[in-house]
Amino acid sequence: MAAPFHDLQSFISALEAAGELRRVKVPVDPTLEISEIVTRTVRAGGPALLFERPTRGDMPLVINLFGTEKRMAMALGVDSLDDVGDRIGSLIKPELPVGWSGIREGLGKVLQLKSLPPKKVKGAPCQEVVLKGDEVDLDLLPGLQVWPGDGGIFHNFGLTHTKHPETGKRNLGLYRLQQHSKNTLGMHWQIHKDSTAHHAVAERLGQRLPVAIAIGCDPVVTYSASAPLPGDIDEYLFAGFLRGERVEMVDCLTVPLQVPAEAQIVLEGYLEPGERAPEGPFGDHTGFYTPVEPFPVLHIECMTMRKKPIYHSIVTSKPPQEDHGLGKATERIFLPLLRMMIPDIADYDMPAAGVFHNCVIVSIRKRYPKHAQKVMNAIWGAHLMSLSKLIVVVDEDCDVHDYNEVAFRAFGNVDYDRDLMVTQGPVDHLDHASYQQFWGGKAGLDATRKLPGEGYSRGWPEEMTMSPEVTALVDKRWKEYGI
(Lines give C-alpha, C1' and ligand atoms only; values in the text may rest on other atoms or scores of the structure.)
Protein backbone atom coordinates (compact mmCIF):
# COMPACT_ATOMS: atom_id res chain seq x y z
CA MET A 1 0.00 0.00 0.00
CA ALA A 2 1.39 3.39 -1.04
CA ALA A 3 1.84 6.29 1.39
CA PRO A 4 -1.41 8.30 1.68
CA PHE A 5 -1.91 11.67 0.07
CA HIS A 6 -2.08 14.25 2.85
CA ASP A 7 -4.07 16.79 0.86
CA LEU A 8 -5.66 17.54 -2.48
CA GLN A 9 -2.52 19.25 -3.81
CA SER A 10 -0.35 16.16 -3.34
CA PHE A 11 -2.92 13.98 -5.12
CA ILE A 12 -3.11 16.44 -8.01
CA SER A 13 0.69 16.41 -8.30
CA ALA A 14 0.74 12.60 -8.37
CA LEU A 15 -1.93 12.50 -11.07
CA GLU A 16 -0.06 15.04 -13.16
CA ALA A 17 3.20 13.10 -12.84
CA ALA A 18 1.39 9.95 -13.98
CA GLY A 19 -0.09 11.68 -17.03
CA GLU A 20 -3.57 11.48 -15.46
CA LEU A 21 -4.28 15.23 -15.25
CA ARG A 22 -4.47 18.10 -17.70
CA ARG A 23 -4.42 21.82 -16.93
CA VAL A 24 -6.90 24.06 -18.74
CA LYS A 25 -5.22 27.46 -18.81
CA VAL A 26 -7.82 29.49 -20.73
CA PRO A 27 -10.87 31.11 -19.05
CA VAL A 28 -13.84 28.70 -18.86
CA ASP A 29 -17.38 29.39 -17.62
CA PRO A 30 -18.59 27.28 -14.65
CA THR A 31 -22.12 27.72 -16.01
CA LEU A 32 -22.60 24.80 -18.42
CA GLU A 33 -19.28 25.09 -20.30
CA ILE A 34 -17.23 23.17 -17.73
CA SER A 35 -19.96 20.53 -17.55
CA GLU A 36 -19.86 19.87 -21.29
CA ILE A 37 -16.06 19.69 -21.30
CA VAL A 38 -16.04 17.25 -18.38
CA THR A 39 -18.78 15.03 -19.80
CA ARG A 40 -16.91 14.61 -23.09
CA THR A 41 -13.66 13.93 -21.22
CA VAL A 42 -15.19 11.28 -18.94
CA ARG A 43 -16.86 9.46 -21.83
CA ALA A 44 -13.56 9.37 -23.70
CA GLY A 45 -11.80 7.85 -20.66
CA GLY A 46 -9.83 11.06 -20.36
CA PRO A 47 -7.83 12.65 -17.53
CA ALA A 48 -8.65 14.68 -14.45
CA LEU A 49 -8.95 18.38 -15.29
CA LEU A 50 -7.61 21.43 -13.45
CA PHE A 51 -9.32 24.58 -14.67
CA GLU A 52 -6.90 27.34 -13.72
CA ARG A 53 -9.12 30.31 -14.67
CA PRO A 54 -12.83 29.73 -14.04
CA THR A 55 -14.78 32.87 -14.89
CA ARG A 56 -16.67 32.68 -11.58
CA GLY A 57 -14.95 32.54 -8.22
CA ASP A 58 -11.47 33.31 -7.03
CA MET A 59 -9.63 29.98 -7.32
CA PRO A 60 -8.87 27.05 -9.66
CA LEU A 61 -11.30 24.15 -10.00
CA VAL A 62 -10.35 20.46 -10.18
CA ILE A 63 -12.72 17.76 -11.41
CA ASN A 64 -12.87 14.17 -12.70
CA LEU A 65 -10.39 13.01 -10.07
CA PHE A 66 -12.12 9.61 -9.74
CA GLY A 67 -13.34 9.10 -13.30
CA THR A 68 -11.46 5.84 -13.96
CA GLU A 69 -10.74 2.77 -11.86
CA LYS A 70 -7.02 3.52 -12.23
CA ARG A 71 -7.36 6.97 -10.66
CA MET A 72 -9.69 5.62 -7.98
CA ALA A 73 -7.06 3.00 -7.08
CA MET A 74 -4.39 5.73 -7.01
CA ALA A 75 -6.61 7.76 -4.67
CA LEU A 76 -6.75 4.83 -2.23
CA GLY A 77 -3.05 4.01 -2.58
CA VAL A 78 -3.56 0.51 -4.07
CA ASP A 79 -2.82 -1.25 -7.34
CA SER A 80 -6.35 -2.64 -7.61
CA LEU A 81 -9.61 -1.73 -5.90
CA ASP A 82 -9.95 -5.38 -4.87
CA ASP A 83 -6.82 -4.96 -2.72
CA VAL A 84 -8.79 -3.00 -0.12
CA GLY A 85 -11.52 -5.63 0.03
CA ASP A 86 -8.85 -8.31 0.40
CA ARG A 87 -7.39 -6.41 3.39
CA ILE A 88 -10.79 -6.31 5.04
CA GLY A 89 -11.51 -9.95 4.22
CA SER A 90 -8.21 -11.12 5.73
CA LEU A 91 -9.11 -9.51 9.07
CA ILE A 92 -12.67 -10.82 9.35
CA LYS A 93 -13.10 -13.97 11.41
CA PRO A 94 -15.68 -16.56 10.33
CA GLU A 95 -17.17 -16.90 13.83
CA LEU A 96 -18.76 -13.45 13.63
CA PRO A 97 -22.57 -13.55 13.46
CA VAL A 98 -24.34 -13.67 10.12
CA GLY A 99 -26.75 -10.86 9.31
CA TRP A 100 -26.69 -7.06 9.40
CA SER A 101 -25.27 -7.21 12.92
CA GLY A 102 -22.46 -9.32 11.47
CA ILE A 103 -21.56 -6.63 8.96
CA ARG A 104 -21.51 -4.00 11.69
CA GLU A 105 -19.47 -6.17 14.06
CA GLY A 106 -17.19 -7.32 11.26
CA LEU A 107 -16.36 -3.80 10.15
CA GLY A 108 -16.02 -2.72 13.78
CA LYS A 109 -13.58 -5.57 14.38
CA VAL A 110 -11.51 -4.62 11.34
CA LEU A 111 -11.28 -1.01 12.48
CA GLN A 112 -10.33 -2.06 16.02
CA LEU A 113 -7.61 -4.36 14.74
CA LYS A 114 -6.20 -1.53 12.64
CA SER A 115 -7.41 1.30 14.84
CA LEU A 116 -6.31 4.65 13.48
CA PRO A 117 -8.67 7.23 15.00
CA PRO A 118 -8.48 10.85 13.84
CA LYS A 119 -5.92 13.09 15.52
CA LYS A 120 -6.77 16.58 16.75
CA VAL A 121 -4.37 19.39 15.81
CA LYS A 122 -4.39 23.05 16.79
CA GLY A 123 -3.29 24.90 13.67
CA ALA A 124 -4.59 23.97 10.23
CA PRO A 125 -4.06 25.00 6.60
CA CYS A 126 -7.84 25.13 6.13
CA GLN A 127 -7.97 28.12 8.53
CA GLU A 128 -5.24 30.29 7.01
CA VAL A 129 -7.93 32.71 5.79
CA VAL A 130 -10.97 33.44 7.98
CA LEU A 131 -14.11 35.27 6.82
CA LYS A 132 -16.95 35.92 9.27
CA GLY A 133 -20.35 37.59 9.18
CA ASP A 134 -20.76 39.92 6.21
CA GLU A 135 -17.38 38.82 4.82
CA VAL A 136 -18.81 35.38 3.98
CA ASP A 137 -19.30 35.17 0.22
CA LEU A 138 -20.03 31.92 -1.60
CA ASP A 139 -19.38 33.71 -4.89
CA LEU A 140 -15.68 33.33 -4.09
CA LEU A 141 -16.18 29.67 -5.06
CA PRO A 142 -16.47 28.55 -8.71
CA GLY A 143 -19.66 26.56 -8.07
CA LEU A 144 -21.16 24.86 -11.09
CA GLN A 145 -24.37 25.06 -12.98
CA VAL A 146 -24.16 21.70 -14.70
CA TRP A 147 -27.36 21.55 -16.79
CA PRO A 148 -29.55 24.23 -18.42
CA GLY A 149 -32.57 23.40 -16.27
CA ASP A 150 -30.73 23.44 -12.94
CA GLY A 151 -32.14 25.78 -10.30
CA GLY A 152 -28.87 27.71 -10.09
CA ILE A 153 -25.34 27.16 -8.80
CA PHE A 154 -24.59 23.94 -6.91
CA HIS A 155 -21.60 22.84 -4.87
CA ASN A 156 -21.41 19.12 -5.58
CA PHE A 157 -18.51 17.82 -3.50
CA GLY A 158 -19.01 19.38 -0.08
CA LEU A 159 -18.32 16.91 2.75
CA THR A 160 -21.05 17.59 5.31
CA HIS A 161 -20.36 17.14 9.04
CA THR A 162 -23.08 16.87 11.70
CA LYS A 163 -23.44 15.36 15.18
CA HIS A 164 -26.39 13.56 16.75
CA PRO A 165 -27.77 16.16 19.20
CA GLU A 166 -28.23 13.58 21.98
CA THR A 167 -25.44 11.03 21.53
CA GLY A 168 -22.78 13.29 20.00
CA LYS A 169 -22.13 10.66 17.31
CA ARG A 170 -20.48 12.26 14.27
CA ASN A 171 -21.61 11.74 10.69
CA LEU A 172 -19.80 12.59 7.48
CA GLY A 173 -21.93 12.65 4.31
CA LEU A 174 -21.79 13.80 0.72
CA TYR A 175 -24.78 15.84 -0.43
CA ARG A 176 -25.39 18.41 -3.14
CA LEU A 177 -25.64 22.02 -1.94
CA GLN A 178 -27.65 24.64 -3.82
CA GLN A 179 -26.42 28.21 -3.42
CA HIS A 180 -29.40 30.35 -2.40
CA SER A 181 -27.45 33.53 -1.59
CA LYS A 182 -23.94 34.63 -0.72
CA ASN A 183 -24.30 33.02 2.73
CA THR A 184 -27.06 30.37 2.52
CA LEU A 185 -27.22 26.89 1.01
CA GLY A 186 -29.97 24.35 0.43
CA MET A 187 -29.16 21.04 2.17
CA HIS A 188 -30.32 18.19 -0.07
CA TRP A 189 -29.91 15.28 2.32
CA GLN A 190 -32.14 12.37 1.47
CA ILE A 191 -34.57 10.47 3.66
CA HIS A 192 -32.32 7.43 4.15
CA LYS A 193 -29.23 9.42 5.25
CA ASP A 194 -27.88 9.71 8.80
CA SER A 195 -27.65 13.52 8.72
CA THR A 196 -31.40 13.60 8.07
CA ALA A 197 -31.88 11.69 11.32
CA HIS A 198 -29.62 14.16 13.18
CA HIS A 199 -31.68 17.06 11.86
CA ALA A 200 -34.95 15.37 12.84
CA VAL A 201 -33.75 14.98 16.43
CA ALA A 202 -32.60 18.61 16.59
CA GLU A 203 -35.98 19.79 15.33
CA ARG A 204 -37.80 17.61 17.85
CA LEU A 205 -35.72 19.26 20.58
CA GLY A 206 -36.30 22.72 19.10
CA GLN A 207 -32.54 23.22 18.58
CA ARG A 208 -30.38 24.55 15.80
CA LEU A 209 -28.23 21.87 14.16
CA PRO A 210 -24.58 22.90 13.71
CA VAL A 211 -23.14 21.96 10.30
CA ALA A 212 -19.64 22.17 8.83
CA ILE A 213 -18.87 21.55 5.17
CA ALA A 214 -15.34 20.76 3.99
CA ILE A 215 -14.49 21.12 0.29
CA GLY A 216 -11.32 19.72 -1.26
CA CYS A 217 -10.17 17.09 1.24
CA ASP A 218 -7.58 14.38 0.63
CA PRO A 219 -8.90 11.63 -1.68
CA VAL A 220 -9.37 8.95 0.99
CA VAL A 221 -11.45 11.21 3.24
CA THR A 222 -13.42 12.32 0.18
CA TYR A 223 -14.17 8.70 -0.73
CA SER A 224 -15.09 7.81 2.86
CA ALA A 225 -17.80 10.47 2.82
CA SER A 226 -19.53 8.55 0.02
CA ALA A 227 -19.12 5.05 1.53
CA PRO A 228 -22.35 3.36 2.75
CA LEU A 229 -21.15 2.75 6.30
CA PRO A 230 -23.41 1.67 9.17
CA GLY A 231 -24.53 4.66 11.24
CA ASP A 232 -22.41 3.70 14.25
CA ILE A 233 -19.14 3.42 12.28
CA ASP A 234 -17.08 6.64 12.23
CA GLU A 235 -16.15 7.63 8.67
CA TYR A 236 -12.85 9.06 9.93
CA LEU A 237 -11.92 5.78 11.59
CA PHE A 238 -12.67 4.08 8.27
CA ALA A 239 -10.56 6.69 6.45
CA GLY A 240 -7.69 6.04 8.86
CA PHE A 241 -7.92 2.32 8.10
CA LEU A 242 -7.85 2.98 4.34
CA ARG A 243 -4.97 5.45 4.64
CA GLY A 244 -2.97 3.42 7.14
CA GLU A 245 -2.52 6.75 8.91
CA ARG A 246 -4.60 8.94 11.21
CA VAL A 247 -6.57 11.84 9.71
CA GLU A 248 -5.68 15.20 11.24
CA MET A 249 -8.73 17.16 12.40
CA VAL A 250 -9.14 20.70 13.68
CA ASP A 251 -11.89 22.35 15.75
CA CYS A 252 -14.16 24.65 13.78
CA LEU A 253 -14.11 28.29 14.82
CA THR A 254 -17.85 28.88 15.31
CA VAL A 255 -19.55 25.45 15.61
CA PRO A 256 -18.78 22.47 17.91
CA LEU A 257 -17.53 20.24 15.10
CA GLN A 258 -14.20 19.10 13.69
CA VAL A 259 -13.10 19.08 10.05
CA PRO A 260 -10.02 17.78 8.18
CA ALA A 261 -7.12 20.13 8.83
CA GLU A 262 -5.88 19.79 5.24
CA ALA A 263 -9.20 20.73 3.56
CA GLN A 264 -9.19 23.56 1.03
CA ILE A 265 -12.36 25.38 2.16
CA VAL A 266 -14.65 25.04 5.20
CA LEU A 267 -18.16 26.46 5.62
CA GLU A 268 -19.51 26.68 9.19
CA GLY A 269 -23.12 27.37 10.08
CA TYR A 270 -26.42 26.08 11.40
CA LEU A 271 -29.91 24.94 10.42
CA GLU A 272 -32.83 26.73 12.03
CA PRO A 273 -35.48 24.25 13.28
CA GLY A 274 -38.50 24.12 11.00
CA GLU A 275 -36.99 26.24 8.23
CA ARG A 276 -37.29 24.95 4.65
CA ALA A 277 -36.79 26.52 1.23
CA PRO A 278 -37.39 25.25 -2.32
CA GLU A 279 -34.38 23.28 -3.60
CA GLY A 280 -33.84 22.22 -7.22
CA PRO A 281 -34.43 21.35 -9.94
CA PHE A 282 -31.14 19.53 -10.39
CA GLY A 283 -29.85 17.32 -13.21
CA ASP A 284 -28.85 14.20 -11.27
CA HIS A 285 -26.99 10.96 -11.92
CA THR A 286 -30.28 9.36 -12.98
CA GLY A 287 -30.05 11.39 -16.20
CA PHE A 288 -33.20 13.34 -15.32
CA TYR A 289 -33.94 16.52 -13.42
CA THR A 290 -35.08 15.98 -9.84
CA PRO A 291 -38.06 18.22 -8.98
CA VAL A 292 -38.19 21.21 -6.66
CA GLU A 293 -38.74 20.09 -3.06
CA PRO A 294 -38.46 21.84 0.34
CA PHE A 295 -35.14 21.21 2.09
CA PRO A 296 -33.35 22.72 5.12
CA VAL A 297 -31.36 25.95 4.77
CA LEU A 298 -27.77 26.27 6.00
CA HIS A 299 -26.91 29.75 7.31
CA ILE A 300 -23.14 30.21 7.01
CA GLU A 301 -21.55 32.32 9.72
CA CYS A 302 -17.91 31.57 8.99
CA MET A 303 -15.91 30.63 5.90
CA THR A 304 -12.29 29.53 6.20
CA MET A 305 -9.81 28.44 3.55
CA ARG A 306 -6.20 28.02 2.56
CA LYS A 307 -4.28 30.98 1.17
CA LYS A 308 -4.24 29.30 -2.26
CA PRO A 309 -7.20 26.93 -2.24
CA ILE A 310 -8.32 24.60 -5.02
CA TYR A 311 -12.04 24.04 -5.40
CA HIS A 312 -13.20 20.44 -5.98
CA SER A 313 -16.44 19.50 -7.72
CA ILE A 314 -18.11 16.78 -9.79
CA VAL A 315 -20.53 16.62 -12.72
CA THR A 316 -23.63 14.46 -12.38
CA SER A 317 -25.41 13.08 -15.43
CA LYS A 318 -26.68 10.04 -17.25
CA PRO A 319 -23.91 7.40 -17.05
CA PRO A 320 -21.09 7.08 -17.72
CA GLN A 321 -19.89 9.84 -15.42
CA GLU A 322 -17.19 10.32 -12.77
CA ASP A 323 -19.26 9.00 -9.87
CA HIS A 324 -18.99 5.48 -11.32
CA GLY A 325 -15.40 5.38 -10.01
CA LEU A 326 -16.65 6.01 -6.47
CA GLY A 327 -19.37 3.39 -6.87
CA LYS A 328 -16.96 0.79 -8.22
CA ALA A 329 -14.66 1.34 -5.24
CA THR A 330 -17.58 0.73 -2.87
CA GLU A 331 -18.56 -2.39 -4.78
CA ARG A 332 -15.11 -3.96 -4.42
CA ILE A 333 -14.35 -2.73 -0.87
CA PHE A 334 -17.64 -3.95 0.59
CA LEU A 335 -17.71 -7.37 -1.11
CA PRO A 336 -16.24 -9.26 1.90
CA LEU A 337 -18.68 -7.49 4.24
CA LEU A 338 -21.63 -8.40 2.03
CA ARG A 339 -20.37 -11.99 1.96
CA MET A 340 -20.45 -11.98 5.78
CA MET A 341 -24.17 -11.36 5.65
CA ILE A 342 -24.80 -13.55 2.60
CA PRO A 343 -22.07 -16.23 2.40
CA ASP A 344 -23.73 -17.66 -0.72
CA ILE A 345 -22.44 -14.74 -2.83
CA ALA A 346 -19.43 -15.47 -5.04
CA ASP A 347 -19.22 -12.00 -6.62
CA TYR A 348 -21.40 -9.05 -7.56
CA ASP A 349 -21.46 -6.10 -9.93
CA MET A 350 -23.40 -2.84 -9.97
CA PRO A 351 -23.46 -1.67 -13.62
CA ALA A 352 -22.79 2.01 -14.25
CA ALA A 353 -25.96 2.19 -16.33
CA GLY A 354 -27.90 1.16 -13.23
CA VAL A 355 -26.76 4.31 -11.37
CA PHE A 356 -25.91 2.30 -8.21
CA HIS A 357 -29.42 1.21 -7.17
CA ASN A 358 -31.25 0.15 -10.31
CA CYS A 359 -29.48 -3.16 -10.95
CA VAL A 360 -27.27 -5.61 -9.04
CA ILE A 361 -25.83 -8.72 -10.68
CA VAL A 362 -24.96 -11.50 -8.23
CA SER A 363 -23.30 -14.88 -8.74
CA ILE A 364 -23.93 -17.68 -6.25
CA ARG A 365 -22.86 -21.24 -5.48
CA LYS A 366 -26.32 -22.71 -5.96
CA ARG A 367 -26.98 -25.69 -3.66
CA TYR A 368 -30.73 -26.12 -3.25
CA PRO A 369 -34.12 -25.17 -4.79
CA LYS A 370 -35.00 -21.48 -4.73
CA HIS A 371 -31.51 -20.60 -3.47
CA ALA A 372 -31.48 -17.58 -5.82
CA GLN A 373 -34.70 -16.23 -4.29
CA LYS A 374 -33.24 -16.57 -0.80
CA VAL A 375 -30.25 -14.46 -1.89
CA MET A 376 -32.51 -11.83 -3.46
CA ASN A 377 -34.41 -11.37 -0.20
CA ALA A 378 -31.17 -11.23 1.78
CA ILE A 379 -29.82 -8.45 -0.46
CA TRP A 380 -33.03 -6.45 -0.02
CA GLY A 381 -32.43 -6.68 3.72
CA ALA A 382 -28.82 -5.46 3.63
CA HIS A 383 -28.59 -1.77 4.63
CA LEU A 384 -28.56 0.48 1.53
CA MET A 385 -28.65 -2.56 -0.75
CA SER A 386 -32.34 -2.48 0.20
CA LEU A 387 -32.76 0.23 -2.45
CA SER A 388 -31.83 -2.15 -5.29
CA LYS A 389 -34.62 -2.35 -7.88
CA LEU A 390 -33.50 -5.29 -10.03
CA ILE A 391 -31.40 -8.24 -8.86
CA VAL A 392 -30.12 -10.70 -11.45
CA VAL A 393 -28.78 -13.95 -9.97
CA VAL A 394 -26.44 -16.13 -12.04
CA ASP A 395 -24.36 -19.22 -11.35
CA GLU A 396 -20.84 -19.02 -9.96
CA ASP A 397 -19.24 -19.87 -13.32
CA CYS A 398 -20.67 -16.66 -14.84
CA ASP A 399 -18.41 -13.58 -14.76
CA VAL A 400 -20.71 -10.90 -13.31
CA HIS A 401 -18.52 -8.16 -14.84
CA ASP A 402 -18.98 -9.57 -18.37
CA TYR A 403 -22.33 -8.05 -19.30
CA ASN A 404 -22.57 -10.07 -22.53
CA GLU A 405 -22.26 -13.30 -20.55
CA VAL A 406 -24.76 -12.07 -17.95
CA ALA A 407 -27.22 -11.10 -20.68
CA PHE A 408 -26.80 -14.53 -22.29
CA ARG A 409 -27.81 -16.17 -18.99
CA ALA A 410 -30.60 -13.69 -18.19
CA PHE A 411 -32.12 -13.87 -21.67
CA GLY A 412 -31.82 -17.62 -22.12
CA ASN A 413 -31.97 -19.28 -18.68
CA VAL A 414 -35.25 -17.79 -17.52
CA ASP A 415 -38.88 -18.91 -17.59
CA TYR A 416 -40.54 -15.64 -16.65
CA ASP A 417 -43.59 -17.42 -15.27
CA ARG A 418 -41.50 -19.17 -12.60
CA ASP A 419 -38.15 -17.37 -12.34
CA LEU A 420 -39.27 -13.76 -11.94
CA MET A 421 -39.99 -12.54 -8.42
CA VAL A 422 -41.80 -9.21 -8.06
CA THR A 423 -42.13 -7.40 -4.75
CA GLN A 424 -42.26 -3.91 -3.21
CA GLY A 425 -39.91 -2.00 -0.98
CA PRO A 426 -37.93 1.21 -0.43
CA VAL A 427 -36.30 2.93 -3.42
CA ASP A 428 -33.82 5.75 -3.75
CA HIS A 429 -35.04 9.28 -2.96
CA LEU A 430 -34.10 10.28 -6.52
CA ASP A 431 -36.01 7.47 -8.23
CA HIS A 432 -38.41 9.08 -10.71
CA ALA A 433 -40.00 5.87 -12.01
CA SER A 434 -41.73 4.76 -8.79
CA TYR A 435 -45.38 5.81 -8.64
CA GLN A 436 -44.96 6.75 -4.97
CA GLN A 437 -41.89 8.61 -3.69
CA PHE A 438 -39.51 6.50 -1.56
CA TRP A 439 -41.07 3.09 -2.34
CA GLY A 440 -41.95 1.06 -5.39
CA GLY A 441 -41.79 -2.23 -7.24
CA LYS A 442 -38.72 -4.45 -7.37
CA ALA A 443 -37.84 -7.57 -9.34
CA GLY A 444 -35.51 -10.50 -8.89
CA LEU A 445 -34.50 -12.61 -11.89
CA ASP A 446 -33.29 -16.17 -11.32
CA ALA A 447 -30.94 -16.85 -14.25
CA THR A 448 -29.29 -19.89 -12.61
CA ARG A 449 -29.50 -23.50 -13.81
CA LYS A 450 -32.79 -24.97 -12.64
CA LEU A 451 -33.02 -28.00 -10.37
CA PRO A 452 -35.58 -30.84 -10.30
CA GLY A 453 -36.60 -29.64 -6.82
CA GLU A 454 -37.71 -26.36 -8.39
CA GLY A 455 -40.17 -28.22 -10.63
CA TYR A 456 -37.83 -28.42 -13.63
CA SER A 457 -38.17 -32.01 -14.88
CA ARG A 458 -36.65 -31.82 -18.36
CA GLY A 459 -33.00 -32.25 -17.35
CA TRP A 460 -30.94 -29.06 -17.67
CA PRO A 461 -28.88 -29.23 -20.89
CA GLU A 462 -25.09 -29.23 -21.03
CA GLU A 463 -23.55 -26.00 -22.28
CA MET A 464 -21.26 -26.33 -25.28
CA THR A 465 -17.52 -25.90 -24.65
CA MET A 466 -14.58 -26.79 -26.87
CA SER A 467 -12.22 -29.49 -25.68
CA PRO A 468 -9.01 -28.17 -24.02
CA GLU A 469 -6.86 -30.21 -26.44
CA VAL A 470 -8.33 -28.52 -29.51
CA THR A 471 -8.14 -25.09 -27.88
CA ALA A 472 -4.43 -25.65 -27.15
CA LEU A 473 -3.81 -26.93 -30.69
CA VAL A 474 -5.42 -23.88 -32.32
CA ASP A 475 -3.54 -21.56 -29.96
CA LYS A 476 -0.29 -23.21 -31.03
CA ARG A 477 -1.00 -23.09 -34.77
CA TRP A 478 -2.81 -19.73 -34.96
CA LYS A 479 -0.07 -17.94 -36.89
CA GLU A 480 0.01 -20.74 -39.45
CA TYR A 481 -3.58 -20.10 -40.44
CA GLY A 482 -2.73 -16.66 -41.73
CA ILE A 483 -5.97 -15.19 -40.40
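# Two pockets in a predicted model

User: In the lining of the largest pocket, how many residues are nonpolar, polar and charged?
Analyst: A pocket here is an open set of points on a 1 Å grid over the protein atoms alone, where a 1.4 Å probe fits, with protein on both sides within 12 Å along at least five of seven lines; lining residues have an atom within 4 Å of a point. Asp, Glu, Lys and Arg count as charged, Ala, Val, Leu, Ile, Met, Phe, Trp, Tyr, Cys and Pro as nonpolar, and the others as polar. This is a predicted model, and lining totals use all residues. The split is 25 nonpolar, 15 polar and seven charged.

User: Which residues lie nearest the centre of the largest pocket?
Analyst: Its lining has 47 residues in total. Counting from 1 along each chain, the ones nearest the centre are K193, S226, P228, H357 and L384.

User: Which element gives the largest share of that lining?
Analyst: Elements are DSSP runs: helices (H or I) of at least four residues and strands (E) of at least two. Those giving two or more residues include α5 (100-113), α7 (219-226) and α9 (323-333). The largest share, six residues, comes from β7.

User: What is the volume of the second largest pocket?
Analyst: A volume is the space filled by probe spheres set on the grid points. The largest pocket holds about 1,200 Å³. For the second largest pocket, the value is about 450 Å³.

User: How many residues lining the second largest pocket are charged?
Analyst: This pocket is lined by 20 residues, with G412, N413, K450, Y456 and W460 nearest its centre. Helix α12 (residues 403-412) gives the largest share, three residues. Five are nonpolar and three polar, while the charged ones number 12.

Conventions
This is a predicted model: local features need pLDDT of at least 70, side-chain atom pairs count only at pLDDT 80 or more; totals for chains, interfaces and linings use all residues. Side-chain values use heavy atoms; hydrogens and water are left out.
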